[in-house]
Amino acid sequence: MQDRKKQKYYIIPSLITGALLIVIFLANLEAGDTKLLYRFDAPIHDRFFRLRNYVTERSVFKYLFKKQPISQDITLVGIDDYTIEKLGLYGRGQWVTRKPFVKQLEFAQKFFKPAILAYDIILAEISDDRRDDDDKINNNYDGEKSKEDLLKILQSIRKFYNEEITEIDIDTLDNITKLINEQGDINLALMLSLYSNAESIDTKIIAAYDFRHPDKAEESRTWDIKDILGNDDDDLSEDNGRELPYLRDVSIPIKYVHDLPLDYKFSHYATMPSYTLLDYVKLGYINVPRDEGGVVRRVPLIFGMEYEFPDPHSASRIKRQFFLPSISLLSCLYYWGIDLHQMNRDDAFTINGKPIIEIEWGKYLRIRKSSGETIEIPIDESGNLFLDFVSRVQGFKSIHFADVGPHKANEKGIEILKDKIAMVGITSTGASDVGACPVDDNTPFVLIHMTAISNILTQTFIKPLPQNESTSILIILAILSAMAATCLRPLKFSYYTLISMVIYGLIVSFYVFTHNYLFPVTGPFILISLSYFSVIIYYYIAEEKEKKKISGMFSTMVSQDVLQYLTENPETFSLAGRRADATMFFSDVAGFTTISEKLTPEKLVELLNLYLSPMTEIIMDSHGFVDKYEGDAIMAEWGVPYPMENHATAACWAALDQQAKLSELVDGFNRDFDVDLTVRMGLNSGSVSAGNMGSDKHFSFTVMGDAVNQAARFEPANKDYDTDIMIGQSTYELAKDDIEARLLDKIVVKGKTVPIQIYELVAKKGEISKKKLKVLELYDKGLYLHWERKWNEAIECLDKALSLIEDDGPSKKMRERIKGYKEIPPPENWQGEYVRTSKD
């Protein structure tokens with residue numbers, strides 16, 4: 001067991017180090033576009049969002065958990081169920097003509113005057129042939145129809161209304177739809193132009209578009225050459241392109257993007273709003289990528305756009321790369337007065353010699369405001385912002401889209417829209433632009449952009465720990481687990497494991513989450529679990545080996561039930577050196593030398609086996625431990641190797657049972673071997689040193705100490721008192737309530753100066769005859785008289801005892817000694833007692 005203790009100090013840390021390396025490997029393992037363990041951590045963090053938002057609303061927790069702010073500078077203008085009821089189903093009726101948007105712009109200009117009006121809706125052409133039909137790619141998309149084409153449409157409409165309809169003309173209906181849609185875009189463009197041209201209007205209009213993700217094969221379309229260089233073959237220029245110039249107007253030059261991975265995948269195309277509107281709006285993409293399981297947890301604040309085209313003046317090909325902001329980031333930039341369009345026109349991207357917008361890929365998007373304030377927005381390796389979902393969509397300030405009109409221009413509407421960021425989004429029941437997020441299983445995606453804006457404006461960001469810091473947490477947990485595993489027993493280590501998982505998972509991780517940090521959960525849980533199971537398996541294997549070792553050592557020395565107890569509870573004893581309270585037993589056959597000379601070796605061995613076997617069985621049945629045999633002598637202990645509260649009583653009763661058994665065997669020994677077997681026994685109790693003793697090659701479990709030596713001396717001392725079993729005073733004091741014993745004398749053992757009392761063990765409590773009890777009383781009285789040198793009175797008591805039991809050995813021996821004392825005069829002025837000295 002000592003070796004096991006030494007081994008665990010390097011085996012257990014090695015096992016936990018192995019578990020740590022496994023978890024670090026898993027933590028760095030890629031699974032798609034995320035780390036493997038992120039897939040398991042994300043649903044846990046989703047629950048944290050809901051729990052945090054719940055508890056921070058309760059005043060009882062306000063001092064413990066930090067309440068996350070919702071920006072009051074953003075208002076949702078919702079196309080909700082109320083608006084649908086008033087204006088009709090979105091995408092049909094007057095929505096096709098853009099009339100609701102035109103009216104909204106008119107009244108927003110007059111009354112509400114938001115700082116930013118951002119549309120989380122792609123205002124695309126309803127019949128967008130130029131994107132869906134490759135054969136029509138080369139058509140003119142400047143919004144103007146030739147007179148001939150326009151005449152044909154008007155003639156079709158006249159025929160449709162003036163003639164009886166017998167058959168539906170699909171082409172006619174398509175032409176009517178195109179005309180209505182184009183006229184609606186023209187009307188909306190006219191209203192937008194008022195915003196862009198009027199000096200008294202500060203509202204910035206941001207329209208949505210959607211870039212094609214480069215990883216999706218079905219979205220591998222690229223820009224047409226006319227989108228890049230324009231329609232005029234005599235004046236091909238990037239400034240004349242149909243659509244790309246509008247993206248470049250709000251772009252961030254790639255030179256301000258640092259540490260961009262070499263394998264970064266750029267987008268090569270985007271779904272744009274109606275071409276008619278592009279001159280009057282700024283463009284921000286609304287892509288919302290979903291994690292595994294369809295949950296939105298992150299939003300890309302920037303994304304790279306790339307395209308190639310042939311140089312119109314040479315045969316070489318030119319590649320352009322730049323980054324584009326999301327609708328949420330662009331809204332914040334314009335809200336702070338940072339005009340990307342003007343910065344690109346003037347090539348003015350620095351302030352005080354530093355970039356206004358600077359990106360450290362995988363770390364921060366840094367924005368420097370004209371006021372001198374610097375804002376750092378954390379982004380991951382894909383340019384994503386981890387969203388801090390402070391609320392569901394109902395938690396943001398909002399107004400019905402249908403209420404943004406003159407009859408609704410009340411103080412409340414003006415208060416929540418004036419100089420704010422107004423985000424127009426569809427929130428009606430049945431909308432398709434919905435999905436799951438951490439705080440809602442089915443939410444309009446306008447919440448994603450509003451949450452991003454709120455996070456940026458309030459500068460409250462959820463920050464996932466960098467990989468090196470996550471690894472540091474794992475190392476700390478591994479060290480704590482190693483310390484606990486080496487210092488605690490398996491059961492307590494199980495408690496530690498459970499408590500540490502609860503403390504880390506439900507307290508530490510959640511608490512730091514409320515303070516805007518995402519601690520890893522799955523990795524530490526796996527580490528703690530692996531550490532626990534590896535340590536428990538180690539203990540199981542080690543204990544199985546220990547059981548085999550114990551079984552091999554003690555199988556012939558203790559009873560089967562004791563052996564089973566020792567193997568099942570190795571922690572109750574120790575094979576290493578330790579102090580223990582025990583009772584030692586020594587027995588020896590009187591006159592064994594004469595017996596051994598009388599018998600042949602074969603007969604002697606047979607006799608010893610017939611004698612030792614039942615004696616050993618009695619010792620083992622009483623939970624004693626047979627230490628060793630030395631010829632005819634037996635050494636045994638009670639109280640080691642495992643503790644016993646009644647070790648003294650158990651040892652005394654075992655000695656009495658051996659004498660009783662011996663009396664049954666004597667006649668057989670006399671008959672079969674012609675020997676008269678008498679056995680003397682000595683017992684003593686005390687504190688001893690117990691453990692494995694010997695050399696590295698050979699050792700055995702035994703005991704050492706003064707109590708052992710005294711027990712060994714009591715055995716031969718029986719001859720001086722003609723007794724069979726002698727016990728020490730310590731044994732008597734421990735077992736006196738369970739035995740009958742006679743105080744024999746006081747003796748000074750070898751190496752000691754203080755006399756000790758010795759006793760004859762007579763019987764178990766209550767199993768002594770009245771005659772024998774009377775003899776013990778008479779002997780005890782005579783012993784005290786003899787100590788007082790009242791020789792005659794002492795002899796008189798002993799004679800009475802011998803008259804009751806004439807062969808009472810101690811009485812006869814005491815009588816003989818007293819007669820000897822009478823013949824020797826005491827020293828002059830002597831007033832002490834006659835105390836014998838042990839010969840051994």
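Which residue of β20 stands opposite tyrosine 119? The tour of this predicted model begins with that pair and then moves through helices, sheets and individual residues.

**Strand β4 and its partners**

Select residues 116-119, which make up strand β4. Its two faces are both covered: Ile116 and Ala118 point to one side, Leu117 and Tyr119 to the other, and all four are buried. Now add residues 421-426, strand β20, which pairs with β4 in the parallel sense over four bridges. Here the opening question is settled, for tyrosine 119 faces valine 424. Next, show residues 204-211, strand β5; β4 and β5 are also joined in the parallel sense, over three bridges. Across this pairing, alanine 118 stands opposite isoleucine 206.

**Helix α2**

Move to residues 36-55, helix α2. At 1.5 Å a residue, its 20 residues should span 28 Å, and the distance of 30 Å between the end C-alpha atoms agrees with this. Centre the view on alanine 42, where the helix has a kink of about 30°, shortly before proline 43. Alanine 42 is also one of the buried residues of α2, and others to display include Leu37, Tyr38, Asp41, His45, Phe48, Phe49 and Arg52.

**Two open sheets**

Select β6 (252-253), β12 (317-325) and β11 (302-310). These three strands form an open antiparallel sheet in the order β6-β12-β11. Strands β6 and β11 each have a single partner, so one side of each lacks a neighbour in the sheet. Nine bridges link β11 to β12 in the antiparallel sense. To locate one position in this pairing, label isoleucine 302, which lies opposite proline 325.

The other open sheet to inspect contains four strands in the order β7-β15-β16-β17, with mixed pairing. At its edges are β7 (257-258) and β17 (374-378), each of which pairs on one side only. Select residues 357-360 and 364-368 to see β15 and β16, which run antiparallel and are joined by four bridges. Glutamate 360 is found opposite tyrosine 364 of β16.

**A helix pair**

Proceed to α23 (residues 770-787) and α25 (residues 809-823), whose axes come within 11 Å and cross at roughly 20°. That angle is under 35 degrees, so α23 is roughly parallel to α25. The crossing of α23 and α25 is left-handed.

**Individual residues**

Select lysine 103, in helix α4 (residues 99-112). With a relative accessibility of 38%, lysine 103 counts as partly exposed. Add methionine 191 and draw the C-alpha to C-alpha distance: lysine 103 and methionine 191 are 8.9 Å apart in space, with a separation of 88 residues in sequence.

Next, go to glutamine 459, in the loop between α13 (446-458) and β23 (463-464). Glutamine 459 is not a glycine, yet has a positive phi of about 55°. The side chain belongs to a partly exposed residue, with a relative accessible area of 37%.

Then select aspartate 722, in the loop between α21 (706-721) and β30 (725-728). Aspartate 722 likewise has a positive phi of about 55° without being a glycine. At 42% relative accessibility, aspartate 722 is partly exposed.

Finish at valine 640 and proline 641, which are joined by a cis peptide bond with omega of about 5°. Proline 641 sits in the loop between β27 (633-638) and α20 (647-673).

Note on methods
Residues are numbered from 1 along each chain as its sequence is written. This is a predicted model: local features need pLDDT of at least 70, side-chain atom pairs count only at pLDDT 80 or more; totals for chains, interfaces and linings use all residues. Side-chain values use heavy atoms; hydrogens and water are left out. The expected span of a helix is 1.5 Å times one less than its number of residues. The bend at a residue is the angle between axes fitted to the seven residues ending there and the seven starting there. Buried means under 20% relative accessible area, exposed over 50%, partly exposed in between (1.4 Å probe, protein chains only). Two strands pair if DSSP finds at least two bridges between them. Axes are lines fitted to C-alpha atoms, for helices over the stretch in contact, and angles run from 0 to 180 degrees between N-to-C directions. Angles under 35 degrees count as roughly parallel, over 145 as roughly antiparallel, 65 to 115 as roughly perpendicular and the rest as oblique. A crossing is left-handed if the near helix is turned anticlockwise from the far one by less than a right angle, and right-handed if clockwise.
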